[in-house]
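Please open the model in your viewer and keep the selection tool at hand, since this tour proceeds from one selection to the next.

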Amino acid sequence: MNNLSLAYLGDAVYELYVRKFLISKNITKVNDLQTESLKYVTAPSQRKILENLLNNNVLNEDEKEIVRKGRNTASRRSKTTDVVTYHLSTGFECLIGYLYLNNPKRLEEIMEIILWEYAEKMYLKN
């Protein structure tokens with residue numbers, strides 16, 4: 001599967017994890033769920049999460065390579081964010097898609113870190 005297809009898949013998988021997480025936090029109103037989900041699923045949020053994963057040495061070398069390849073394949077320009085953020089968020093989505101298909105256990109580990117460790121610090125306080 002090419003990297004943009006992995007990113008497309010990763011976007012959907014990641015959003016599903018975020019939605020499940022928010023529902024587990026007993027947020028029940030759809031408008032509130034949508035508002036809260038934007039703290040996770042936008043390109044700037046995904047960039048911030050990816051940077052945290054990289055800065056905290058969560059990703060192994062193979063995963064970093066997947067991010068790099070996904071980042072470098074981002075082909076179009078975003079209308080809503082700068083090109084660097086767009087490329088990094090595409091790399092993040094590519095990683096999620098790749099792990100979903102090839103290493104679901106590792107995907108679970110990373111999502112646990114993102115949603116339960118980083119979320120409280122980065123987003124839920126905003």
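Are E63 and R106 buried or exposed? Select the two residues in what is a predicted model, and you will find that E63 is buried and that R106 is buried as well. The two side chains form a salt bridge in which the closest N and O atoms are 2.7 Å apart. E63 belongs to helix α4 and R106 to helix α6 (residues 104–122), so this pair ties together parts of the chain that are 43 residues apart in sequence.

Stay on R106 and add E109 to the selection. These side chains also meet in a salt bridge, at 3.1 Å from N to O, and because E109 and R106 are three residues apart in helix α6, about one helical turn separates them. The two partners sit in unlike surroundings: R106 has a relative accessibility of 15% and therefore counts as buried, the cut-off being under 20%, whereas E109, at 35%, counts as partly exposed.

Move next to helix α4 (61–73) and select K64 with E61. Here a salt bridge joins K64 to E61, with the closest N and O atoms 3.3 Å apart, and both residues lie in helix α4, three residues from each other, which is about one turn of the helix. K64 is partly exposed at 27% relative accessibility, while E61 is exposed, with a relative accessible area of 57%. For a further charged group, select R47, E51 and D82, which are linked in a network of salt bridges; the structure holds eight salt bridges.

Now zoom out and colour by secondary structure. The protein has six helices and zero strands, and reading along the sequence gives the pattern α-α-α-α-α-α. Of its 126 residues, 44% count as buried, and among contacts with a separation of 6 or more, 73% are between residues 24 or more positions apart. The accessible surface comes to about 7,400 Å², and carbon and sulfur atoms account for 50% of that area.

With the helices in view, turn to how they pack. Two packed helices are described by the angle between their axes and the distance between the axes. Select α1 (3–24) and α5 (residues 83–102): their axes come within 6 Å and cross at roughly 80°, which makes α1 roughly perpendicular to α5. On the α1 side the contact involves residues including L6, A7, L9, G10 and V13, and on the α5 side residues including F92, C94, I96, G97 and Y100.

Within that contact, centre the view on G97, which is found in helix α5. G97 has a relative accessible area of 0% and is therefore buried. Leaving aside neighbours within four places in sequence, G97 is in contact with L6, L9 and G10. A C-alpha distance is also worth displaying here: G97 and S5 are 92 residues apart in sequence, yet 8.2 Å apart in space.

Follow α5 along to Y100, which lies in this helix and, at 41% relative accessibility, counts as partly exposed. Add M1 and L101 to the selection, and the three residues form a nonpolar patch on the surface, with about 340 Å² of accessible area together.

Select helix α2 (residues 30–41) and helix α3 (residues 43–55) as a second helix pair. Their axes come within 5 Å and cross at roughly 50°, and α2 and α3 are therefore oblique to each other. L38, K39, Y40 and V41 on the α2 side meet A43, S45, Q46 and I49 on the α3 side.

The tour ends in two loops, where backbone torsions are the thing to display. Most residues other than glycine have a negative phi, and most peptide bonds are trans. Against that background, select N26, in the loop between α1 and α2, where phi is near 65°, a positive value in a residue other than glycine. N26 is exposed, with a relative accessible area of 67%. Then select N57, in the loop between α3 and α4, whose phi is near 55° and again positive in a residue other than glycine. N57 is exposed too, at a relative accessible area of 59%.

Key. Residues numbered from 1 in each chain as written. Predicted model: local features only at pLDDT ≥ 70, side-chain atom pairs only at ≥ 80, totals over all residues. Heavy atoms only, no water. Patch = residues over 30% accessible without salt bridge, like charges linked within 9 Å, V, L, I, M, F, W, Y side chains within 5 Å. Areas by Shrake-Rupley, 256 points an atom, 1.4 Å probe, with all protein chains shown as cover. Salt bridge = Lys/Arg side-chain N within 4 Å of Asp/Glu carboxyl O. Helix = DSSP H or I, 4+ residues; strand = E, 2+ residues; numbered from the N terminus. Buried < 20%, exposed > 50% of the residue type's maximum accessible area, 1.4 Å probe, protein only. Axes fitted to C-alpha atoms, helices over the stretch in contact; angles between N-to-C directions. Parallel < 35°, antiparallel > 145°, perpendicular 65-115°, else oblique. Contact = heavy atoms within 4.5 Å.
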